[in-house]
Amino acid sequence: MKKFIMLSAVMAAVSTAFVACSSDDDLALAPAVPEETVIDTPKGTPFSVMPYSGATRADLYNKDAWDGTNDNFVSCFKLNGRQGTADPWVNDVVFTRSSKSAAWVAERDADGAISSLKWPKDNPATTEVVESATATDFYAITDNAIKDQANNNALDYVTNWMNPVGSFTYTLPAELVKIVWEDTNNPGSLTTGYLDPSDPDYVENPDVNIIKNADLKDLMVATVSHKESDAEVVDGALPLAFKHALAGLTIQAKFLSHGEYDSNSTQNGWAKVKAVAVCGLNTSGPYTFGTGWGTLSTPVNYYYELTTPEKFDVQDETDANKANPTTKTLVAAGNWLVIPQTTTPWDISYNSGLLPNPATCAYVILKLEDFKNVGTDFFLCYPLNTTLHAGKNRTIVIDIAQGRDYSYNTDDPDKCDMYYHPATIFGGAREFKMDE
């Protein structure tokens, strides 16, 4: 039996409660003590770098990934530096280090290996431009996996680097897969499984575009404008404060009774979450140094299947439980990285027959079973109304008990029901009542 339960996006109290269960953790706070490295050169003023980042709560690269105190360290970044419209004199130089405490070395640039790098000097051939007195605009980027010279020192998912100057385009990695809740008979709608290929109604399951979780990378950027004589540039060392360009997304859940039923295990029991999808997040767009992300596009699903289903026992909606509910993590911090954006939440005007394909609105789907549906999967769908900030981790807390059913809407099949159908429709499978 196919079942799909969803939360009404238009009910103010429920929507407010859902949004209120979102939170941000800072990924970039106070700067660390910078590490200084000087490139040895026989003449001229040596150019060197002092890369660092702020204290973070990210699982990928904290400030200690730069300051020499963590074995999980940043080992490379790419730097472009130019004065006005002139060609870059720091021509996409890749700086590397061999260990967490090793010196940063300018290893290669866009043209190949380099032996030294110096700040601009006065040009004796002309009096029109005094190079040393002109500030250079610097742009740095890393995902800690910069490709080699044979691959143009490129970063995965980065295109249009410095085109226009001071910008690039980024597209998160995605792949086409067949997921179990795509209905083979009705592409885009939900099902609990596949039909047998011998069934006369069998239709090959459609591919769904989802984010490749294992291939997500922590994109970090830095920009600054300096000339050698600036006070911040000590002995030719350029300070570079890196920050996270992406946002983190954590999914948690709780199971409160909302006063409609109690936590008696013989009457209400438990629910087990098996998988999570976040649908309709944009995954591609331009980034401008100093400004941030531009207009985004390409909505794709994030999908995470739990190795072991997470069990939630229903809790009474007491003041104590509301203040401190039992909450469990479904998708931990560090698993999902998202381009910062403000979502447009799904609402009842959206044609539910297209779920869970990406759309112009965002929503979260839980795949689960409960004690009255052992062995049978069903789905909870929630509108996602939130803002994801660069350098912060957004935690969304879902209340399993907040649900609505759309499967049996006979009045208007193109819209979602605002109530939970009586147990008789499901053959007595579910007995508790949701909020009106």
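These legends walk through several close-up views of a predicted model.

**View 1. Tryptophan 66 and phenylalanine 242 bring their rings together in a stacked pair.** Across the whole structure, a search finds 23 aromatic pairs. In the one shown here, the ring centres of tryptophan 66 and phenylalanine 242 are 4.4 Å apart and the planes meet at 20 degrees, so the pair is stacked. Tryptophan 66 belongs to the loop between strand 3 (48-53) and strand 4 (76-82), while phenylalanine 242 is in strand 14 (residues 237-244), so the pair ties together parts that are 176 residues apart in sequence. Tryptophan 66 is buried, with 1% relative accessible area, and phenylalanine 242 is buried as well, at 4%. If you follow the ring pairs outward, you meet a cluster of Phe47, Trp66, Phe77, Trp89, Phe95, Trp104, Trp119, Phe138 and Phe242.

**View 2. Tyrosine 302 and tryptophan 336 form an edge-to-face pair.** Here the rings are 5.4 Å apart centre to centre, with 65 degrees between the planes. Tyrosine 302 comes from strand 18, and tryptophan 336 from the loop between strand 19 (328-331) and strand 20 (337-338), so this pair links distant parts of the chain, 34 residues apart. Tyrosine 302 is buried, with a relative accessible area of 0%, and tryptophan 336 is buried with a value of 0% too.

**View 3. Lysines sit over aromatic rings at tryptophan 270 and phenylalanine 312.** The charged end of lysine 272 is placed over the ring of tryptophan 270, 5.1 Å from its centre. At phenylalanine 312, lysine 328 lies over the face of the ring, 5.5 Å from the ring centre.

**View 4. Aspartate 156 and lysine 217 form a salt bridge between distant parts of the chain.** The closest N and O atoms of aspartate 156 and lysine 217 are 2.7 Å apart. Aspartate 156 lies in the loop between strand 8 (136-142) and strand 9 (158-159), and lysine 217 in the loop between strand 12 (208-211) and strand 13 (220-226), 61 residues apart. With 22% relative accessibility, aspartate 156 counts as partly exposed. The count of salt bridges comes to nine.

**View 5. Aspartate 215 pairs with lysine 212 in a salt bridge.** Their closest N and O atoms are 3.1 Å apart. Aspartate 215 is partly exposed at 27% relative accessibility, and lysine 212 is partly exposed at 28%.

**View 6. Lysine 322 and aspartate 319 meet within helix 2.** These two residues are three apart, about one turn of the helix, and their salt bridge has its closest N and O atoms 3.8 Å apart. Lysine 322 counts as partly exposed at 44% relative accessibility, whereas aspartate 319 counts as exposed at 63%. Elsewhere, salt bridges that share partners join Lys147, Asp156 and Lys217 into one network.

**View 7. Valine 314 and glutamine 315 are buried in a loop.** Glutamine 315 is found between strand 18 (297-313) and helix 2 (319-323), and valine 314 is in the loop between strand 18 and helix 2. The side chain of glutamine 315 reaches the backbone nitrogen of threonine 326 at 2.9 Å. Glutamine 315 has 13% relative accessibility and valine 314 has 5%. Valine 314 and alanine 401 are 87 residues apart in sequence, with their C-alpha atoms 8.4 Å apart in space.

**View 8. Cysteine 76 and cysteine 361 are buried.** Cysteine 76 has a relative accessible area of 8%, and cysteine 361 has 7% relative accessibility. The structure holds zero disulfides.

Notes:
Residues are numbered from 1 along each chain as its sequence is written. This is a predicted model: local features need pLDDT of at least 70, side-chain atom pairs count only at pLDDT 80 or more; totals for chains, interfaces and linings use all residues. Side-chain values use heavy atoms; hydrogens and water are left out. Helices (H or I, at least four residues) and strands (E, at least two) are DSSP runs, numbered from the N terminus. Buried means under 20% relative accessible area, exposed over 50%, partly exposed in between (1.4 Å probe, protein chains only). A polar contact is a pair of N or O atoms within 3.5 Å; within protein, one must be able to donate a hydrogen and the other to accept it, and residues adjacent in sequence count only if both atoms are side-chain atoms. A salt bridge is a side-chain nitrogen of Lys or Arg within 4 Å of a carboxyl oxygen of Asp or Glu. A disulfide is a pair of cysteine sulfur atoms within 2.5 Å. Rings of Phe, Tyr and Trp (its six-membered ring) pair if their centres lie within 6.5 Å; planes under 30 degrees apart count as stacked, over 60 as edge-to-face and the rest as tilted. A charge sits over a ring if NZ of Lys or CZ of Arg is within 6 Å of the ring centre and within 35 degrees of the ring normal.
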